[in-house]
Amino acid sequence: MSGTDRAGDEAGAIWHPSPNFGPRRDGLTPAFVVLHYTAMETAEAALQRLCDPAVEVSAHYLIGQDGTLWQMVEEAQRAWHAGAGEWCGLEDLNSRSIGIELDNRGDHPFSEPQMARLEQLLGDILRRWEIAPEAVIGHSDMAPGRKCDPGARFDWARLARQGLARQVAQAEAAGQSLMESESADMARFRAYARDIGYTAPVEDETLLAAVRLRYRPQARGALCAEDFAPLGQADLWV
């Protein structure tokens, strides 16, 4: 497995270097991709912030709403985008991942040109570093309660259909039905969520909110059987 410096240039990225980076620790190479939204008014404002040494944040890539792609940190280097968090029992996601920022405030849909460019970039990154689609995650997945990006408006299902994110089995396609609601207890939910990567030590309510944000963003209220559907374990179906 190997990556190439400035690899994003091959995909038409505009090189806009940020001083906010360093070497990946312990010889680690990218094994995950973490998606973010900028929560800023414009891509230009986000670019300025991600390259400001006083702020000490960065990402490898930024994609504007019009599909413009900037690269700020070489993929082989450690950008400062993920912060504190955990995924699959692993910490220091900055050393283990490539960070992609999407120009979006978090309260509106992601544009078609932006999503198309993201799909192109993700495909390149996954091939280049031999990263599985299941390892493409949101900031909110690895930092439940602390972060909520890329948010409820992000189209994870679209990425999954392209083989660029974790796919969720549909019970209807298999002629099955979901388990009874009485079986939906939090200990079981936590164990199954842990199996797909949610290992951060958070309260039950925070974990449920994080999983819903990724898979059922419109869901509200107490844990129910439908919350188990995205978790994929065979004994959820009858």
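The following exercises, each with a worked solution, concern a predicted model of one protein chain.

**Exercise 1. The chain as a whole**

Determine how many helices and strands the chain has, and what share of its residues counts as buried.

Solution.
Step 1. Count the elements of secondary structure: the chain contains seven helices and eight strands.
Step 2. Turn to burial: the chain has 238 residues, of which 50% count as buried.
Step 3. Consider the surface: about 10900 Å² is exposed, and carbon and sulfur atoms supply 49% of that area.
Step 4. Consider the contacts between residues at least 6 apart in sequence: 72% of these join residues at least 24 apart.

**Exercise 2. The sheet and the helix across it**

State the strand order of the open sheet, identify its edge strands, and find which strands helix H3 lies across.

Solution.
Step 1. Read the order of the six strands: S1-S5-S4-S7-S3-S8, in an open sheet with mixed pairing.
Step 2. Look for strands that pair on one side only: these edge strands are S1 (14-15) and S8 (136-138).
Step 3. Examine the pairing of S1 with S5: the two strands are parallel and are joined over two bridges. In this part of the sheet, Ile14 stands opposite Trp70 of S5.
Step 4. Place the helix: H3 lies across S3 (32-37), S4 (61-63), S5, S7 (97-102) and S8. Relative to S7, H3 runs at about 175°.

**Exercise 3. A residue of helix H3**

Decide whether Leu122 is buried or exposed, and list the residues that Leu122 touches.

Solution.
Step 1. Locate the residue: Leu122 belongs to helix H3.
Step 2. Apply the cut-off for burial, which is under 20% relative accessible area. Leu122 counts as buried because its relative accessibility is 0%.
Step 3. List the contacts, leaving aside residues up to four places away in sequence: Leu122 touches Val33, Ile100, Val136, Leu159 and Leu164.
Step 4. Compare sequence with space: Leu122 and Gly163 are 41 residues apart in sequence, while their C-alpha atoms are 9.9 Å apart.

**Exercise 4. Salt bridges**

Give the number of salt bridges, and describe the pairs Glu75 with Arg128, Asp124 with Arg127, and Asp227 with Arg216.

Solution.
Step 1. Recall the principle: side chains of opposite charge can pair when their charged atoms come close.
Step 2. Give the count, for which the nitrogen and the carboxyl oxygen must lie within 4 Å: there are eleven salt bridges.
Step 3. Take Glu75 and Arg128, whose closest N and O atoms are 2.8 Å apart. This pair links distant parts of the chain, 53 residues apart: Glu75 is in the loop between S5 (69-71) and S6 (77-79), and Arg128 is in helix H3 (residues 112-129). Both Glu75 and Arg128 are buried.
Step 4. Take Asp124 and Arg127, which form a salt bridge at 2.8 Å from N to O. About one helical turn separates Asp124 and Arg127, because they are three residues apart in H3. Arg127 counts as exposed, with a relative accessibility of 60%.
Step 5. Take Asp227 and Arg216, which meet in a salt bridge at 2.6 Å from N to O. Both residues lie in the segment after helix H7 (204-215), so the pair ties together parts that are eleven residues apart in sequence. Asp227 is buried at 2% relative accessible area, whereas Arg216 counts as partly exposed at 24%.
Step 6. Add the network: salt bridges with shared partners join Arg25, Arg78 and Asp92.

**Exercise 5. Aromatic rings**

State how many aromatic pairs there are, and explain why the pair of Phe110 and Phe154 is edge-to-face.

Solution.
Step 1. Give the count: there are five aromatic pairs.
Step 2. Examine Phe110 and Phe154: their ring centres are 5.2 Å apart, and the pair is edge-to-face because the planes stand at 90°, the cut-off being over 60 degrees.
Step 3. Locate the two residues, which are 44 residues apart: Phe110 is in the loop between S7 and H3, and Phe154 is in the loop between H4 (139-142) and H5 (156-161). Both Phe110 and Phe154 are buried.
Step 4. Examine Phe154 and Trp156: this pair is also edge-to-face, at 5.0 Å centre to centre and 75° between the planes. Phe154 counts as buried at 6% relative accessibility, and Trp156 counts as buried at 8%.
Step 5. Combine the pairs: Phe110, Phe154 and Trp156 are linked into a cluster.

Methods
Residues are numbered from 1 along each chain as its sequence is written. This is a predicted model: local features need pLDDT of at least 70, side-chain atom pairs count only at pLDDT 80 or more; totals for chains, interfaces and linings use all residues. Side-chain values use heavy atoms; hydrogens and water are left out. A salt bridge is a side-chain nitrogen of Lys or Arg within 4 Å of a carboxyl oxygen of Asp or Glu. Helices (H or I, at least four residues) and strands (E, at least two) are DSSP runs, numbered from the N terminus. Buried means under 20% relative accessible area, exposed over 50%, partly exposed in between (1.4 Å probe, protein chains only). Two strands pair if DSSP finds at least two bridges between them. Contact means heavy atoms within 4.5 Å. Axes are lines fitted to C-alpha atoms, for helices over the stretch in contact, and angles run from 0 to 180 degrees between N-to-C directions. Accessible areas come from the Shrake-Rupley method with a 1.4 Å probe; for residues, only the protein chains shown count as cover. Rings of Phe, Tyr and Trp (its six-membered ring) pair if their centres lie within 6.5 Å; planes under 30 degrees apart count as stacked, over 60 as edge-to-face and the rest as tilted.
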